[in-house]
Amino acid sequence: MTNPPNPQPVLDLIEAFRRSKTMFAAVSMGVFEALHEAPASAAELAARLGANADALGRLLDGCAALGLLRKHAGAYQNDAVAEAYLYGGSALSLRGYVRYSDEALYPMWGHLEDAVREGTHRWTQSFGLAGPIFSAFFRTDDAMRDFLMGMHGFGMLTSPKVVSAFDLSRFHRLVDLGGATGHLAMAACERYAELHAVVFDLPPAAALARQQVAKSRACDRMEVVSGDFFEDQLPEADLYYLGRILHDWTEGKIERLLARIWARLPEGGALLIGEKLLEEDGVGPPAANMQSLNMLIVTEGRERSLSEYAGLLRRAGFGAVEGRRTGVALDAILAVKAGLRGKL
C-alpha cells in the first residue's frame, strides 16, 4: 500500500485496556486514599500498601503519565481529577463504579465473543451466578453500597443536566423510580423551588438514599419510599423519572413498566427518561455503542435511538415525545400523557 492510513486508532485500541487496568489497580490497592493523606515516595507507599517498591513505582509513574498523579522530587500526590473522582471521600467520587468495572465488568467483557454468539449476559459464565443483573452479585451490603455510591458520582455529573434539559417548572410532584441515592431528585428539587420529590427504590437502596437526601439543601421537599416498581403501587406523581432503567430490560418488561406509569399519571403528566441515545442509524456516539455492548454482557437490555424510545412510549399511550442531548453521559427524553396544552 503506497499511502497506508494512519494506524493510530488501532494502536490506541490495542493498549486502551492497559490504561483502564492501570487506574483500576491503583483504585483497588488504595493508592488515591493513601496519597490523599500526604504525598509519598514509591518506597513509602509500598511499605504501607504491602507492594513491591519497584513494581509500585511503575504503576505510580503510569498513573502520573495518565494525568491521575503528579510526581515531584520522587514523591507522588493526587492530581485534582483523582481527588475529585477517584478518592473515596469525595462527594463526586466514582471509586465505587471503578471497582465494579474492575471486579465485574472487566471479567465479563473477556467473554464478549460468547455474548455476541449467544446473545445473552455473562454473569453465569464469569461468576457462576444464575440470575442476570445485580441482586446475586451485590449480595453484601458493602458491595451494594460501593456500587450505588459509584453511580451516585455519575449522577452528580449527569442529573443537573438532565433536569435542565426541559423546563419542568409546571410539575409539582416528581417520583424517581429506581432512584438509587436520590441524586436526580436532589438536582430537580434544588433547581425547581416548588417541586416535591419521592425517591422510590428497593429497601437496600432506599436506606442509602435517606442518608444522601438528608445532605441536600432541598431535603425538606424530598422523601424516600421503599418498593419494587414492577410489583408495588407507584407513588402518586405528575412527573415520573427513569434514569438508566429502561436500557436494562427487554421490550416486554419495558412495555409493562411504561403501562404502569401511564396508568398512574394524570392527564398532562409526563415521564422524564435519562438514557444515552444512539444515533438513528445505530452508529455513534461511541460511548452509546460501548454501553449497548455493556448491556449485552450485563443485562437483558440495550441502548436505543430516540425513535426507538418514541415508539415504545407511543405504544404505551404517551403523546408528544421529545429528546435532547445534554453533553454528558445521559441524554433526556420527555414524554407527555395526552391532555397537556402547550409545548414541552
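Here is a short walk through this model, stop by stop.

The model is predicted, with local features needing pLDDT of at least 70 and side-chain atom pairs counting only at pLDDT 80 or more, while totals for chains, interfaces and linings use all residues. Residues are numbered from 1 along each chain as its sequence is written, and side-chain values use heavy atoms, leaving out hydrogens and water.

**Stop one: a sheet**

Select residues 40-41, 69-72 and 75-78. These are strands S1 and S2, plus S3. Helices (H or I, at least four residues) and strands (E, at least two) are DSSP runs, numbered from the N terminus. The three strands make an open, antiparallel sheet in the order S1-S3-S2; two strands pair if DSSP finds at least two bridges between them. S1 and S2 stand at the edges with a single partner strand each, so one side of each has no neighbour in the sheet. Between S2 and S3 you'll find 4 bridges. Try clicking Lys71: its bridge partner in S3 is Tyr76.

Now add residues 53-65, helix H4, which packs on the sheet and touches S2 and S3 (contact means heavy atoms within 4.5 Å). The direction of H4 makes about 110° with that of S2; axes are lines fitted to C-alpha atoms, for helices over the stretch in contact, and angles run from 0 to 180 degrees between N-to-C directions.

**Stop two: aromatic rings**

The whole structure holds 8 aromatic pairs. Rings of Phe, Tyr and Trp (its six-membered ring) pair if their centres lie within 6.5 Å; planes under 30 degrees apart are stacked, over 60 edge-to-face, and the rest tilted.

Pick Tyr97 and Phe154: their ring centres are 5.0 Å apart and their planes at 90°, so this pair is edge-to-face. Tyr97 sits in helix H6 (residues 95-109) and Phe154 in helix H9 (residues 141-164), 57 residues apart. Tyr97 is buried at 15% relative accessible area, while Phe154 is partly exposed at 21% (buried is under 20%, exposed over 50%, partly exposed in between, with a 1.4 Å probe and protein chains only). Add Tyr100 and Phe147, and you have one aromatic cluster with Tyr97 and Phe154.

**Stop three: charges over rings**

What sits over the ring of Phe154? Show Arg244: its charged end is there, 5.1 Å from the ring centre. The rule is NZ of Lys or CZ of Arg within 6 Å of the ring centre and within 35 degrees of the ring normal. Finish at Trp262, where the charged end of Lys337 sits over the ring, 4.0 Å from its centre.
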